[in-house]
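Please open the model in your viewer and keep the selection tool at hand. The tour goes from one selection to the next and says what can be found at each stop.

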Amino acid sequence: MAKIVGIDLGTTNSCMAFMENGGAVIIPNAEGGRTTPSVVSFTGSGERVVGGAALRQAITNPEKTITSIKRKMGAEERVMVDGKRYSPQEISAFILQKLKADAEAYLGEQVTGAVITVPAYFSDAQRQATKDAGRIAGLDVKRIINEPTAAALAYGLDKNISQKIMVYDLGGGTFDVSILDITRDIIEVLSTAGNNHLGGDDFDACVTEHLVKVFKETHHTDPRHDPSAMQRVKEAAVKAKMELSGLTTTQVQLPFLVGNMHLETTLTRSAFEQMTEHLVKATTGPMRQAMQDAGLTPKDLDKVLLVGGSTRIPAVARVVREYTGMEPAKSVNPDECVAIGAALQGGVLLGQLTGLLLVDVTPLSLGIETVGDVFSPIITRNTPIPVHQSQVFTTAAPFQSTVEINVLQGEREIASANKSLGKFKLKGIRRAMQGVPQIQVTFSIDSNGIVSVSAKDLDTNKQQEITIAGSSNLSQSEIDRAIRDAQAYAKEDAYKKDMTAEENRSEQLLYQSQAVLKQCKKSGDPHGVQAAVNEVQHMRKRKDIVAMKAANDALSDALQQSGYAYTPEENSGDGAADAEILDKDTDGRQGPEGQ
C-alpha cells in the first residue's frame, strides 16, 4: 500500500511524518535532523541547495538565499535570482522536493501522496498556492488541513473523554488560534482566528533592529549597507531570542562585523520582552475572537495546547496563561506535532485509522458582490467543511441578460474591502423586468478548503461555474512549466547522485587494483587488469556516467577473473600478506557502493 506522508510546511522549519504500526513516526532528513530549515539558496555555479546547507550559506550568499517564503504564498510577488523570477509556489516546491527525496531515501520507496498543513487563517489563494507547490514537487496532495487541527489530532487521538481545547499556534511567520471540541473519535473545529503576518520572524526583526541601533550608536556606522553583516546580525538576533527562552541574559558578540568594528552587547529577557510586548499583545485579539465565535469562555476550556516554536518564548506562554487561567499543556513537541497530525490524517485516508472523524471549518466568510459595493456572504466564517450552500439573487436593471459574479472572501461589509477570488459571467438570462429573474448562486467548499462557485438562472436553467483554481496567481501554463523545471532538477540531482556513486566505486576499484597489479608483475596480466584500469581512469575524466559504469564493470570483471582481492595488509609496506582470492560471486568492491 502506497504511503501518505504528513508534511508541516513551515515558515522557518518543515517537518514530515508517516504512519507505522498504528502510530505516526517523524521522518528524519538526509542530514539526520528531525526538522528541515525552510531555506533555499543558489550557489555561484547555479546549483540549488535546500535546508541546512542553504541556511549555512545565508551569511556568505545572502542575496541568493531565500527564507520565510511561506509569508508570500498566494501573493503576486516574485523572487529574482540570477535574472530568473521564481514564484513563492516554486520556492516552496523546492523545499517539498527535498522533503520528498529524504522521505523516499528513509522509507526505501517512492512517495507521491501527501497531506500538507497550512495555518488555519490561510485564505483560499494561499491554500491553492500550497496545493500548486505540492504538484510542482511531484506530490499528489490528498488533503490540506489546518495546522491547529493537525496538532489536535496528534494530541487527542487516544483520548476517550470529551474536552474542549484551545490550540494556540505561533510559528515562524503566522499565528492562529482554534477552539476544538473532541468527543471520543470526533474532532470538531468550533472556530478559528488569526493573523497570517505575525510570528517568530517579527520577534527576530525587533531584536535585529535593536542590535543595529546599538552598533550605530557605538560606531556611527549603519551595518544595513552590508548584506553579509546584516545576515550575521539577523542570525545573532535569532540565537539571542532562543537563548532568552531559558536564560535571563545573553551575550551578543560579533567581531569584525563591519571592517574592524565589533558588536558586543548584553541583552536581557526584560529588554527583549519590552521590545516585543506589542507582538505578544497582538495575539490576544484572535484568542478573544475565537472564543467569542465558539460561544465559550475561558472557563469552558479543558486544555490549552501550544504549537509552533515561538510558543517557547516565556512571555507568550504567560499571556496564554493569563487569558485562559490555566497552565498550557506541554505534552506535545511544538515543532513536530503538526506533522504527526498530518500523518495521522493520511492514515485516516488510507484506512489505517478507522472511526476518526475530523470536522474542520472555513476561516473566512465567502460571498459575492451585490449592487452598491455590498458584500453578501453566503458561507459565514467558522462554518464546518465540506459545505454546500445556495442563495437566490436577482437582476439590478430591466431586461438584463448577463450578470457578473464577483466571488469574495473576507469579513468587511464593503465588497471592495474584501479579497476577490475570481469573477465569471452568467449569460443568456431571460429578459425580464428588474427583480424578476431568479439567479441561484451556490458555493461549495471541499475538505481541503478549496472553493467552487456556480450561478444558475432558475427559469432557463442556464448555468456557469468556476473553481477558484487561478487564485494562487499561477496560470496552468506556469504550473506546467514549474513542474517541468522541477522534474529537470530532479533528474539533475539523480544524475549527480549516480555519478558520485560511480566515481566512488571507481576509486575503490582502482585502489584494489594496485595490489592486483603488483601480483601481475610477477605472474603476468592475462585478464587485462591494466587495460581496464586505464579505461576507468580515462572515463573518470570524461564524466560520462554510462561509459564510466561500463568501465567500472569491466574492471570489476577483470579483477574477479584475476582471482585477487585487495587486503589491507598488502598496502602495509612490509609485504607480509599475499592477495586474498575472491569468491566467484563477489564483485571485488570494498564495502557498500557509494560509501
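Begin by selecting F42 and F94, both of which are buried. Please keep in mind throughout that this is a predicted model. The two residues form an aromatic pair of the edge-to-face kind, with 6.3 Å from centre to centre and 75 degrees between the planes. F42 lies in strand β5 (residues 40–42) and F94 in helix α2, so this pair ties together parts that are 52 residues apart in sequence. Now add Y86 to the selection, and you have one aromatic cluster made up of F42, Y86 and F94.

How many aromatic pairs does a search of the whole structure find? The search finds 6 of them, and another one to visit is the pair of F18 and Y106, whose ring centres are 6.4 Å apart and whose planes stand at 70 degrees, so that this pair is edge-to-face. F18 belongs to strand β2 (residues 13–20) and Y106 to helix α2, so the pair ties together parts that are 88 residues apart in sequence. If you turn on the surface, compare the two partners: F18 is buried, with a relative accessible area of 3%, whereas Y106 is partly exposed, with a relative accessible area of 43%.

Stay on helix α2 and select K98, which is found there. Is K98 buried or exposed? Its relative accessibility is 13%, and a residue under 20% counts as buried, so K98 is counted as buried. Leaving aside residues up to four places away in sequence, K98 touches A30, E31, T36, V50 and G51. For one of these, A30, you can draw a distance from C-alpha to C-alpha: A30 and K98 are 9.0 Å apart in space, while 68 residues separate them in sequence.

Next, show helix α2 (residues 88–107) together with helix α3 (residues 124–136), and look at how their axes, which come within 8 Å, cross at roughly 55 degrees. The two helices are therefore oblique to each other, and the crossing in which α2 passes α3 is right-handed. To see the contact itself, select Q89, E90, S92, A93 and L96 on α2, and then A129, D132, A133, G134 and I136 on α3. Coloured by type, the residues of this contact divide into 5 nonpolar, 3 polar and 2 charged.

Now turn to the backbone, where three places deserve a stop. Select N21, which is found in the loop between β2 and β3 (23–26) and has a positive phi of about 55 degrees although it is not a glycine. N21 is exposed, with a relative accessible area of 82%. Then go to D82, in the loop between β8 (79–81) and β9 (84–86), where phi is near 50 degrees, again a positive value in a residue other than glycine. D82 is exposed as well, at a relative accessible area of 53%. The last of these stops is P386, placed in the loop between β21 (384–385) and β22 (387–393), where a cis peptide bond with omega of about 0 degrees joins I385 and P386.

Finally, clear the selection and view the whole protein, whose secondary structure comes to 14 helices and 27 strands. Of its 595 residues, 52% count as buried. Among contacts between residues at least 6 apart in sequence, 66% join residues at least 24 apart.

Methods:
Residues are numbered from 1 along each chain as its sequence is written. This is a predicted model: local features need pLDDT of at least 70, side-chain atom pairs count only at pLDDT 80 or more; totals for chains, interfaces and linings use all residues. Side-chain values use heavy atoms; hydrogens and water are left out. Axes are lines fitted to C-alpha atoms, for helices over the stretch in contact, and angles run from 0 to 180 degrees between N-to-C directions. Helices (H or I, at least four residues) and strands (E, at least two) are DSSP runs, numbered from the N terminus. Angles under 35 degrees count as roughly parallel, over 145 as roughly antiparallel, 65 to 115 as roughly perpendicular and the rest as oblique. A crossing is left-handed if the near helix is turned anticlockwise from the far one by less than a right angle, and right-handed if clockwise. Contact means heavy atoms within 4.5 Å. Ala, Val, Leu, Ile, Met, Phe, Trp, Tyr, Cys and Pro count as nonpolar, Asp, Glu, Lys and Arg as charged, and the others, Gly among them, as polar. Rings of Phe, Tyr and Trp (its six-membered ring) pair if their centres lie within 6.5 Å; planes under 30 degrees apart count as stacked, over 60 as edge-to-face and the rest as tilted. Buried means under 20% relative accessible area, exposed over 50%, partly exposed in between (1.4 Å probe, protein chains only).
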